[in-house]
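I opened this notebook to keep track of what I looked up, one topic at a time. The sequence and the structure come first, and my entries follow.

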Amino acid sequence: MFNDRSTPLSLLATRRSGKPRDLLAPGPDETQLRALLAIAARTPDHGKLAPWRFVVVPTDKRDELARVITEAYRVERPQAARLEIEALVQFAHQAPTLVVVLSSPKTESHIPLWEQELSAGAACMNLLHAAHAMGFAGGWLTGWSAYSGAVRDAFGAAPERVAGFIFLGTPAKQLEERPRPDLNKIVSNWRA
């Protein structure tokens, strides 16, 4: 069983993202989403800078998001094929709830940029954990859109960057396990 909510540890041990294209309604309502974002903001944050922001993209704005993404893509790739454009439109319409998380570094701070970026990533993960604990599933995507300056500009401005598109909803089908790393290959004891 994935996202087993019987205990906090079982949730963490069984956490599994949902594929955004397979997430359907219901997603979190406005009150639930507000609670999820409050939990996401309870993340490690050296210097108490809040070097991240959350932008909720309402369902009725998904066509506009698709337009922004496809226009930016066509500027960079004028020869884009129909299937590429259709995939970008589909990307914008996945799942009932979409939160764009921006890494929003405070460049005037003495806190290293790397620590601020890590905090933004932790906020994304907290948002997923909170959604799973509330009984939803979520998927954290990046892809071309996350690295496009034009797409970023629809949500913020440099030096901000899109840390992720967090899609939330209810899985349409059973979640599937994916390969996990072999602990023997990624864990070692330091030998001074």
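These entries go from the strands to the cores, then to one helix, the aromatic rings and one loop residue.

**Entry 1, the model.** I note at the outset that this is a predicted model, and I read each entry below with that in mind.

**Entry 2, strand β3.** I began with β3 (97-103) and asked how many of its residues are buried. Seven of the seven are, so the strand is largely enclosed by the rest of the structure. I then looked at which way the side chains point: T97, V99, V101 and S103 face one way from β3, while L98, V100 and L102 face the other way, and the residues of both groups are buried.

**Entry 3, the partners of β3.** Next I looked up which strands pair with β3. With β2 (52-57) it pairs in the antiparallel sense over six bridges, and one pairing I can point to places R53 as the bridge partner of L102. With β5 (161-171) the pairing is again antiparallel, and here seven bridges join the two strands. Two of the positions I marked along this second pairing are V101, whose bridge partner in β5 is G164, and L102, which stands opposite V162. I therefore have L102 in my notes twice, with R53 as its bridge partner and with V162 opposite it in β5.**Entry 4, strand β5.** I stayed with β5 and asked whether its residues are mostly covered or not. The strand is mostly covered, since eight of its 11 residues are buried. Apart from β3, I found that β4 (residues 137-141) runs antiparallel to β5 and is joined to it by five bridges, with L141 and F165 as bridge partners. Strand β1 (residues 23-24) is also antiparallel to β5, joined by two bridges, and there L24 stands opposite T170.

**Entry 5, the cores.** I then turned to the nonpolar cores and asked which residues of the largest one touch the most other members. In this core of 24 residues they are I69, V100, F155 and F165. The elements that each supply at least two residues are β2, α3 (62-76), α4 (82-92), β3, α6 (144-147) and β5, and α3 gives the most, with five. Leaving aside residues up to four places away in sequence, I69 touches L88, F91, A92, W144, S145 and V151. I also noted a second, separate core of 18 residues, which includes W52, L127, A131 and I166. As background, nonpolar side chains in soluble globular proteins tend to be buried together.

**Entry 6, helix α2.** My next question was which residues of helix α2 (residues 30-40) are buried. They are L33, L36, L37 and A40. When I look down the axis of α2, these buried residues fall within an arc of 95°, so they line one face of the helix. On the other side of the helix, T31 and R34 are exposed. What covers the buried residues includes β2, β3, α5 (113-133) and β5. At the start of the helix I found a polar contact, in which a side-chain oxygen of D29 reaches to within 3.1 Å of the backbone nitrogen of T31.

**Entry 7, aromatic rings.** I counted four aromatic pairs. The one I followed is formed by F91 and F167, an edge-to-face pair at 5.4 Å centre to centre with 85° between the planes. This pair links distant parts of the chain, because F91 belongs to helix α4 and F167 to strand β5, 76 residues apart. Both F91 and F167 are buried, and together with F165 they form one aromatic cluster.

**Entry 8, the loop residue Q94.** Last, I looked up Q94, which is found in the loop between α4 and β3, and asked whether it is buried or exposed. Q94 counts as buried because its relative accessible area is 7%, against a cut-off of under 20%. Its side chain reaches the backbone nitrogen of R21 at 3.2 Å. Not counting residues up to four places away in sequence, Q94 touches P20, R21, R62, L141 and F167. Two of these names I had already met, L141 as the bridge partner of F165 and F167 as a member of the aromatic cluster.

Conventions
Residues numbered from 1 in each chain as written. Predicted model: local features only at pLDDT ≥ 70, side-chain atom pairs only at ≥ 80, totals over all residues. Heavy atoms only, no water. Core = buried A, V, L, I, M, F, W, Y, C linked by side-chain atoms within 4.5 Å. Buried < 20%, exposed > 50% of the residue type's maximum accessible area, 1.4 Å probe, protein only. Contact = heavy atoms within 4.5 Å. Arc of directions from axis to C-beta. Polar contact = N/O pair within 3.5 Å; in protein donor to acceptor, adjacent residues only side chain to side chain. Phe/Tyr/Trp six-rings, centres within 6.5 Å; stacked < 30°, edge-to-face > 60°. Pairing = 2+ DSSP bridges.
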